[in-house]
Amino acid sequence: MTERTLATETLVRTRTLGRVRIHALEAGLQRLDGGAMFGVVPKPLWEKRIPADERNRIPLALRCLLVETPDALVLVETGLGNKENEKFIDIYGVENASSEARYPDRLQEAIAAAGFSVDDISIVIDTHLHFDHAGGNTFRDTDGQVRLSFPNATYHVQRGEWEWAHRANERTSASYLPHNFDPVMEAGRMKLVEGDVEIIPGVSVYRTPGHCPHHQSVLISSDGEVGCFLADVVPTMAHLPLPWIMGYDVEPLVTLESKRALLKRATDERWLLVSTHDPFTPWGYAVADGRGTKVEEAA
Ligand SMILES: [Zn+2]
């Protein structure tokens, strides 16, 4: 198989959606077990889409989205952050260090490359609180202190996800690391939202449960165009077929219905789908393809 270029090699991609500019920020890579990522799908099928390494792991982007609305600079997701130890970094094959020492991680370097500072961000949206989506909410500074990465921001997550993260069990607890989110609440910066709500004009959250019971995707609307940050309801573009559902999901049949509803709207309205984890394709337009969905390349 020919080596395809990983999208994560480009730090920032920028395009317009209606009248707003959006930036795909490549906050690094992690590597997770390919079998776990594709659930019941046999390896001969999934490895054609994303090849595995010698430890059966596949590369996954840690992509975040920066949205310039007239009212606020919004950051959707925060990647994995810099607080984990070497053993963790090895197990999950994490590559998210900045090439410049002044940035604690690659996300903060990407924000600067897009022309902004962490102080400019006034809204952060966590789709859920797993370490590879909310780990960059906070960072460890050079003195070893855990601090908020976006000190002027109000962070948003579903109330149900907050509660779920705080009653983790043997199956779910490895994904929820309190230093990623408890300091945000302690600082009075965490806002718990309930249901599908508009966060600011043009940016709303859309519940897509299944991966976890209160998982949310994010919709950006401007001038008749809609973009959707999918997060883990469709973690890579290879997961567009309805039965391609992660083994990690706590309620896979709920994921199935979340996907069915989301992809129907997405193809009917030609949404720009933004992928969190796809290692090759950061975004693309949803179009119907027979009984399924595919994405058309978008610049
Ligand atoms: Zn994830």
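A pocket here is an open set of grid points, on a 1 Å grid over the protein atoms alone, with protein on both sides within 12 Å along at least five of seven lines. With that in hand, let us visit this predicted model in three close-ups.

**View 1. The largest pocket and its lining.** The largest pocket has a volume of about 370 Å³. Its lining is made up of 21 residues, and those closest to the centre are H130, F131, S175, H211 and Y248. Sorted by character, the lining residues comprise twelve nonpolar, six polar and three charged. Look also for strand β2 (20–33) and helix α5 (131–134), as each of them supplies at least two residues of this lining.

**View 2. The zinc ion and its donors.** Here the zinc ion is coordinated by OD atoms of D132 and D232 and by NE2 atoms of H133 and H277, at 1.9 to 2.7 Å. The arrangement is irregular because the four donor atoms subtend angles of 84 to 150 degrees around the zinc ion. Along the sequence, the donor residues follow the spacing D-H-x98-D-x44-H. D132 sits in helix α5 and H277 in the loop between β14 (272–274) and β15 (283–289), so this pair ties together parts that are 145 residues apart in sequence. Both D132 and H277 are buried.

**View 3. Q108 and its surroundings.** Our last stop is Q108, found in helix α4, which spans residues 106–113. Is Q108 buried or exposed? Its relative accessibility is 10%, so Q108 counts as buried, the cut-off being under 20%. Leaving aside residues up to four places away in sequence, Q108 touches Y103, V118, F139 and S149.

Key
Residues are numbered from 1 along each chain as its sequence is written. This is a predicted model: local features need pLDDT of at least 70, side-chain atom pairs count only at pLDDT 80 or more; totals for chains, interfaces and linings use all residues. Side-chain values use heavy atoms; hydrogens and water are left out. On a 1 Å grid over the protein atoms alone, a cavity is a set of points where a 1.4 Å probe fits but cannot get out, and a pocket is an open set with protein on both sides within 12 Å along at least five of seven lines; lining residues have an atom within 4 Å of a point. Grid points are joined across faces, edges and corners, and a volume is the space filled by probe spheres set on the points. Helices (H or I, at least four residues) and strands (E, at least two) are DSSP runs, numbered from the N terminus. Ala, Val, Leu, Ile, Met, Phe, Trp, Tyr, Cys and Pro count as nonpolar, Asp, Glu, Lys and Arg as charged, and the others, Gly among them, as polar. Donors are N, O and S atoms within 2.8 Å of the metal (3.2 Å for Na, K and Ca); water is not among the atoms, so sites may look incomplete. Four donors count as tetrahedral if all angles lie between 85 and 135 degrees; four count as square planar and six as octahedral if opposite donors are over 155 degrees apart and all others between 65 and 115; anything else is irregular. Buried means under 20% relative accessible area, exposed over 50%, partly exposed in between (1.4 Å probe, protein chains only). Contact means heavy atoms within 4.5 Å.
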